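Hi,

Here is the structure I promised to pass on. Have a look at it first, and then read my notes below.

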Amino acid sequence: MKPAVKTIEMKELTLPPELEVVNMTKQFGQLIALDNVSLTLKPGTFHALLGENGAGKSTLVKCVMGFYKPTSGEVRFNQQVQAIDSPRDAQKHGIGMVYQHFTSVPAMTVAENLVLCRYESAALIDWKAEYEVLNAFMATAPFKLPLSVPVAQLAAGEKQKLEILKQLYLKSKILILDEPTSVLTPGEADEVLGLIREEVVAGHLSVLLISHKFREVTAFVDEITILRKGKFAGSGRVKDLTIADMAEMMMGEKRIPQTVQKTLHPDPAPVLQIQAIHANKDNGLEAVSGVDLTVNSGEIVGIAGISGNGQRELVEVLAGQRTATDGQVLVNGEVYRASRTEMFQHRVFVLPEEPLKNACVPHMSVAENLALRTFDRSPQAKGWMLLFKPIREAAQSLIKTFNIKTPSPETPISNLSGGNVQRTVLARELSSDHINLLIAANPCFGLDFAAVDYIHSEILEARNRGVAVLLVSEDLDELLKLSDRILVISEGKFAYESPIADADFASIGRSMAGH
Amino acid sequence: MLTYSRWRRTLEAVSIPIAALIFSLFLFGLFCAAAGANPFAVYGAIYKAAFGSWFAFQNTLIRAAPLMLTSLCTALPARLGLVIIGNEGALVMGGIAAVAAGLSVADFAPPIVVQLAMAIAGIIAGGLWIGAVGALRHYRAVNETISSLLMNYIAIALLNHLVGGPMRDPSSLNKPSTFPIPDIDKLGTIPFTRVHYGLLYGIVVCIIAYYLIQRTTFGFAARTAGGNVKAARIAGLPVGKLTIAICFLAGSSAGLAGMVEVAAVHGRANESLNANYGYAGILVAFIARHNPIAASVVAILLGGILASGSILQRQLGLPDATVYVFQGLVFLVVLYSESLYGRFAIFKEPDVVTPPTSSAPLAG
Amino acid sequence: MATEALGWWGVPLGIMAGMLRGSAPFLFVSLGECLTEKSGKVNLGLEGTLLTGAMSAYAVSYLSEKTVGSAIAPWLGVLVAGLAGMVLGFIHAWLSQQPKVNDVAVGIAMIIFGSGIAFFFGKPFIQPSAPQLPAFELGAWSNIPQIQSALKVSPLLMVGVLIAPLMAWFFKSTRWGLFIRAVGDSPDAALAMGISIKKVRMLCIIAGSFLAGIGGAYLSLYYPGSWTERISSGQGLMAVALVIFARWNPIQCLWASLLFGGAQSIGPALQAVGIEGGYYLFNASPYILTLLIMIITCSPKKTLTGAPGALGTLT
């Protein structure tokens, strides 16, 4: 045990090596995810990798980390070629990665997770000695976390901090961060990135940050490299580039900011009324602790909040996927329990997050998924019998109108790409002649800009038609763009509410953090 | 109207199970050879006992009848995503109820009424038995595989208790049984054959089950819940009611099988009711990939192979457990074949290339 | 008879005897299943492993009596039972880790296959009698035969009782124990740490089957102490429910196994004091107990504490 601890101490003193990615290509079957990309991460610099969703940023870093084997190209440390075959290899060279999703084991404590992630730890664990080392480490670490608490009980922000702590504990010299601030409040994000920047400036770390947030990039980053559709699209120093330059390189053309046209609705009527709703998480702890909300026709009410503050459970209650422990929901003045007849009667539609997981049946065809809300009514059914021809025809028409890319209506929906699955769900939920209430949760997660623009315009159009829209999102920019009213959910309660014209970014940020 | 993609998938769905069956027969032959018997003699004996003559084929059909029905006890809930193996328990409960019903009305009702009463009793008893499993799953999240297997043991204990005690026919000395159903009330045989009407029940029920699952709104809702419960909920489908309804139907099929065993084969209820049709029913369901019509065909195949058990014992000296080994082998091979779907290029549709999404941290 | 002399005391004594005598198969199988489930996989096939273990232990003990003598023969049988378990475990592990293959279905298939193998090869061994495992006579101080027989404890049970806290320590304080827990709770996290999920699960399933095989050896070489096709009454399956009841904690598996061993002997104990009616129903008490326990401990509203995250729809 002793020698392993010593090796970790030794690593601390040297400057990080220069990391070069040279002409890297990665192909998945027919798809070329990465095409001849090169990148240099100079020692002691903070480098950002920019690009929209699907540009190849994740693929690039996974090749560097040894998760994928590149089709061609190489990685060099201080000019020397190194093959990295696995994350273990990468760790040996001092590279660590902080993922967008947590990679800690929920049932194990913070201490157990930290000990576990060390590759050279001994077969038998002497907890007394380990705790001494851990406590010493915590004393000098930028954030403090309780060592004997199971990770499952930590808040999302704390879990993300643990991920970063892990890499510091492992004395990684090169840190790759994949959208690390998506689950942090703006204040926490600044704190984390600021502390990491201090380590970089002191020469302890080089950092490669994947982000799409220009605000962070301009505040903390030295250099950027931009990818577009798997190819290198530009690079440079942050102080030499404007945000408009960066955006243009990401998109390939000058992006005209979309103007949002909102029609006025003179007589708003309350459509959705949430009254004192309480709901629990899967593990029995309370997630929603009494929320009240009214959404009127022809308005978009946005709920902002860091993931894990109860918004997911709230949406599940409204969508009928979770039973509330207290309170009630009214739609059009009547108690609403999300039964199928009530959904049809009150014309309620839902666009959940992760549509393949939450709103689709993977092995069923696109046509059957499109028919999910209508299969038991005429013309798609006669009494108890299903009528296949009307189902197919309806599907073909929706596929055409909404531009869903699929080989045929009979293709299992799991074969489609994420964007097309989202389009399918959109087609199903937004195609009805008469929609009363639309509930959308993170509808644009993981999609490229074109798809995002499309979905935003559909939601706006619905609002302008008079639909009441509840939009729950972790993307503050999206909410600020679309909402008429904005609320913040924090620890299961609403902590902020205001019409969009009076919305104050700083207050929103503070409420998200729970102040 | 089969579209381009459909015929490939149908071909795949038929050829892979057939290949699996053939391969497992091959493995079984190897096993027999290792145990000292000539595999070709084994294949020959099986063929002869199963399909070799009209007499043998009728035996096969007689064995296939309850298999068709009990296989639905696994196949129907499987479409809902549940793995239920309570076929034996439901069969036993159906048999007990059928005997009780039959004996109570036999004195004053014409045969057709007696048989109807027995069938209804079997259906309801089996249905309630497995319906309970479904209810436990929905309301208490109790794993249905474990609970249905436990219910098997409980049903058999009930059978032994009733047959040895309250329902016992004092004249049945060395093998405790209930009073027999009067001969006139027993299920007759199909004209010109020795096969009882239970076979017809089996075929009809399988066809009804197929249409129910594939062609009705109820079946669509069930398949949706089986494919993704969250999607079913978001569409407002009543998952609990679907679960209990499907489980009831599943159990009622097996319960009907129990009635057939009593009314056509044994004429009374005793421990022979528990003749281990149960596991074979599970196997039929899995080989048929839970398709009720395929299950009726597979039941005939498997019924034939199981019928050869005693011949293997007499002619080749292989113990009756040999058939058990065969069932195990088939099951394992068929399960392995599940992983082969989508791997053969000839069955593949033209590709829609799915790029790795950035939301999945680790794609492989 | 002495039974009448004991009167109603015979019942709790019988139950206690059952705990000491009948809990070992539950203990070994549940510890094995606990290990397997900690890595995120379910092995329902342990019922078949139990039977194969029982048969092979009995056969080896019988066949090797001439060469190694009747003291060592049963222990050799125990070892071979474990090895037989490992073979079945390997089949299960390999098959259940193939893509798109359903864990539970593989388990059922293994029950059929394992029982088939056991009955097939076990036919010649039903009649002969094989050397049995010894017992510690803890009741030698008494001159009542019931107490003497109730307090007979097999060294194998003591081995099992030692394994339980050893396993608990293993999960807490060894690297491999942490690996297994990581794989079972969050395969993504384990993958990110470079742990081979397949390898860990395969080893856990095989080790679990080894223990289950030994549980089977106990049945045929100690109590009931013979080989027949009826030797197991579903202990392998009940052990899976037992692990859920014990919340995946090896020490609680120990207590639960004692409970189940006792429950199993309610029927015979009552019969011994003359209660005949309802014999079959009393014998069904372990199954009813298991079902009740599952109804009470499971809840649709929350996941069970201690459940490894990767277990999915089992809990």
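**What I found, starting with chain B**

Among contacts in chain B between residues at least 6 apart in sequence, 77% join residues at least 24 apart. Before you read on, please keep in mind that this is a predicted model.

Chain B has 14 helices and 0 strands, so its string of elements from the N terminus is just α-α-α-α-α-α-α-α-α-α-α-α-α-α. Is its radius of gyration what you'd get from a compact globule, or off from it? The two agree: for 364 residues a compact globule would come out near 21 Å, and chain B has 22 Å. If you're setting up a box, the C-alpha trace of this chain spans about 75 × 55 × 40 Å along its principal axes. Buried residues account for 55% of the 364 residues in chain B.

**Where the chains meet**

Chain B touches chain C, and the contact takes 39 residues from chain B and 42 residues from chain C. On the chain B side, helix H5 (111-140), helix H6 (144-164), helix H11 (277-287) and helix H14 (321-338) of chain B each put in at least two residues. Which of them gives the largest share? That would be H14(B), with 12 residues. Sorted by class, this side of chain B has 27 nonpolar, 10 polar and 2 charged residues.

Chain C also touches chain A: 17 residues of chain C are in contact with 24 residues of chain A. Here the elements of chain C that give two or more residues are helix H7 (175-185) and helix H8 (187-192). H7(C) has the largest share, 5 residues. The class split for the side of chain C that touches chain A is 5 nonpolar, 6 polar and 6 charged residues.

**Inside chain A**

Chain A is divided into domain 1 (2-251), domain 2 (269-346 + 437-442 + 468-515) and domain 3 (348-431). Watch the numbering if you cut out domain 2 of chain A, as its assignment comes in those separate pieces.

The C-alpha centres of domain 2 of chain A and domain 3 of chain A lie 26 Å apart. Their contact takes 11 residues from domain 2 of chain A and 6 residues from domain 3 of chain A. On the domain 2 side, at least two residues each come from helix H10 (311-319), helix H11 (340-346) and strand S19 (437-441) of chain A. S19(A) gives the most, with 5 residues. What does that side of domain 2 of chain A look like by class? It has 9 nonpolar, 2 polar and no charged residues.

There's also a sheet in chain A to look at. It is an open one, made of 4 strands in the order S12-S11-S14-S15 (chain A), with antiparallel pairing. Strand S12 (286-296) and strand S15 (334-335) of chain A are the edge strands, each pairing on one side only. S15(A) is joined by 2 bridges to strand S14 (residues 326-331) of chain A, and those two run antiparallel. For Val331(A), the bridge partner in S15(A) is Glu334(A). H10(A) packs on this sheet, where it touches strand S11 (270-280), S12 and S14 of chain A. The direction of H10(A) makes about 120° with that of S11(A). You've met that helix already: H10 of chain A also supplies residues to the side of domain 2 of chain A that touches domain 3 of chain A.

Cheers

Key
Residues numbered from 1 in each chain as written. Chains lettered and ligands numbered in written order. Predicted model: local features only at pLDDT ≥ 70, side-chain atom pairs only at ≥ 80, totals over all residues. Domains from an automatic or database assignment. Contact = placed C-beta atoms within 7 Å. Nonpolar A, V, L, I, M, F, W, Y, C, P; charged D, E, K, R; others polar. Pairing = 2+ DSSP bridges. Axes fitted to C-alpha atoms, helices over the stretch in contact; angles between N-to-C directions. Rg over C-alpha atoms; globule rule 2.2 N^0.38 Å. Buried ≥ 20, exposed ≤ 12 C-beta atoms within 10 Å, placed from the backbone.
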